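Subject: Structure handover

Hello,

Here is the structure you asked about. My notes on what was found in it follow below.

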Amino acid sequence: MLEGLAFQTTVGSLSTPITGGGNGTVLDKDQSELVLSVPDGTTMIPTRIRVDCQVAVDQDADEQEILIAVDRTQISNASGSTGTAETAINMRTDLTSSSALTVTSANTSNHTDPTLSVELAHAVKITNVVTSGITLGELMLTYEPVLSPVIVGPAHLLVYWGGTQAVTGFASAEWIEFDSTRITS
């Protein structure tokens with residue numbers, strides 16, 4: 001962080017969440033709510049990812065979930081044309097250096113069909129008994145690894161949320177990134 005190699009981004013703003021599930025319900029691996037694309041020659045270490053969802057439930061056995069995973073086989077082609085281009089902010093506030101990663105949120109058009117090689121975290125909530133129209137509340141997931149994966153590009157990290165009913169949410173992601181020549185094999 002002191003070297004200016006730590007970055008942060010957010011999904012959703014103030015009181016305006018984004019709707020998960022690509023087109024609004026179940027997870028669609030082609031339409032993530034957040035994708036961090038790690039180019040060839042760059043290494044990324046995720047340090048913290050937080051997802052807060054607002055879930056509405058209409059029926060018994062409705063399901064909501066959050067998934068954080070890595071595609072270690074390729075970089076994503078997610079961009080402003082598949083979703084919303086986000087800006088990564090340097091966590092050292094006196095620096096304006098930009099991230100080498102491409103950060104995209106709210107993908108509602110298909111991006112690269114990912115191979116979910118590594119599942120980092122997964123949360124699922126199922127409603128057992130509910131009266132029609134009751135709002136369930138919240139679904140949250142905080143990923144703060146004790147031993148974080150080292151994601152060497154080309155690769156990408158994906159964050160999803162969705163459910164049998166529309167799930168809205170917010171996310172924030174923090175990571176460290178550096179030139180891959182700094183690591184040894």
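Strands β4 and β13 pair in the antiparallel sense, with 13 bridges between them. Please keep in mind that this is a predicted model. One position along that pairing is aspartate 52, whose bridge partner in β13 is phenylalanine 170. Strand β4 also runs antiparallel to β11, and two bridges join them. There, methionine 44 has isoleucine 151 of β11 as its bridge partner.

Overall make-up

The protein has 13 strands and zero helices, so the order of elements from the N terminus is β-β-β-β-β-β-β-β-β-β-β-β-β. Of the 185 residues, 45% are buried. Among contacts with a separation of 6 or more, 89% are between residues 24 or more positions apart. The protein exposes about 8900 Å², and carbon and sulfur atoms supply 51% of that area.

Other strand pairings

Strand β8 takes part in two of the pairings I looked at. With β3 it pairs in the antiparallel sense over four bridges, and valine 35 stands opposite threonine 104 in β8. With β6 (residues 84–86) it is joined by three bridges, and these strands also run antiparallel. In that case glutamate 86 stands opposite valine 103 in β8.

Around threonine 42

Threonine 42 lies in strand β4. Is threonine 42 buried or exposed? Its relative accessible area is 9%, so threonine 42 counts as buried. Leaving aside neighbours within four places in sequence, threonine 42 is in contact with Ala100, Leu101, Ile151, Val152, Gly153, Glu177, Phe178 and Ser180.

One of those contacts, Val152, also belongs to a nonpolar surface patch. Val150, Val152 and Ile183 make this patch, which covers about 210 Å². Valine 152 lies in strand β11 and is partly exposed, with a relative accessible area of 36%.

The aromatic pair

The structure holds one aromatic pair. Phenylalanine 7 and tryptophan 175 form it, with the ring centres 6.2 Å apart and the planes at 25° to each other, and the pair is stacked. Why does it count as stacked? The angle of 25° falls under the 30 degrees cut-off, and therefore the pair is classed as stacked. Phenylalanine 7 sits in strand β1 (residues 6–11) and tryptophan 175 in strand β13 (residues 167–179); the pair links distant parts of the chain, 168 residues apart. Both phenylalanine 7 and tryptophan 175 are buried.

Salt bridges

How many salt bridges does the structure hold? There are five salt bridges, and I describe some of them here. Side chains of opposite charge can pair when their charged atoms come close.

- Glutamate 3 and arginine 182: the closest N and O atoms are 3.3 Å apart. Glutamate 3 is in the segment before β1 and arginine 182 in the segment after β13, so this salt bridge ties together parts that are 179 residues apart in sequence. Glutamate 3 counts as exposed, at 56% relative accessibility.

- Lysine 29 and aspartate 113: the side chains meet at 3.8 Å, N to O. Lysine 29 is in the loop between β2 (18–19) and β3 (34–38), while aspartate 113 is in the loop between β8 (102–105) and β9 (118–126); the pair links distant parts of the chain, 84 residues apart. Lysine 29 counts as partly exposed at 39% relative accessibility, and aspartate 113 counts as partly exposed at 47%.

- Glutamate 144 and arginine 48: the side chains meet at 3.0 Å, N to O. Glutamate 144 lies in the loop between β10 (137–143) and β11 (151–152), and arginine 48 lies in strand β4 (residues 42–55), so the pair ties together parts that are 96 residues apart in sequence. Arginine 48 is partly exposed, with a relative accessible area of 24%.

Back to β4

Strand β4 recurs in these notes. It pairs with β13 over 13 bridges and is joined to β11 by two. Threonine 42 and arginine 48 both lie in β4. Of these, threonine 42 is buried, whereas arginine 48 is partly exposed.

Regards

Definitions and conventions: Residues are numbered from 1 along each chain as its sequence is written. This is a predicted model: local features need pLDDT of at least 70, side-chain atom pairs count only at pLDDT 80 or more; totals for chains, interfaces and linings use all residues. Side-chain values use heavy atoms; hydrogens and water are left out. Rings of Phe, Tyr and Trp (its six-membered ring) pair if their centres lie within 6.5 Å; planes under 30 degrees apart count as stacked, over 60 as edge-to-face and the rest as tilted. Buried means under 20% relative accessible area, exposed over 50%, partly exposed in between (1.4 Å probe, protein chains only). A salt bridge is a side-chain nitrogen of Lys or Arg within 4 Å of a carboxyl oxygen of Asp or Glu. Patches are made of residues with over 30% relative accessible area and no salt bridge: like charges are joined within 9 Å, nonpolar side chains (Val, Leu, Ile, Met, Phe, Trp, Tyr) within 5 Å. Accessible areas come from the Shrake-Rupley method with a 1.4 Å probe; for residues, only the protein chains shown count as cover. Contact means heavy atoms within 4.5 Å. Two strands pair if DSSP finds at least two bridges between them.
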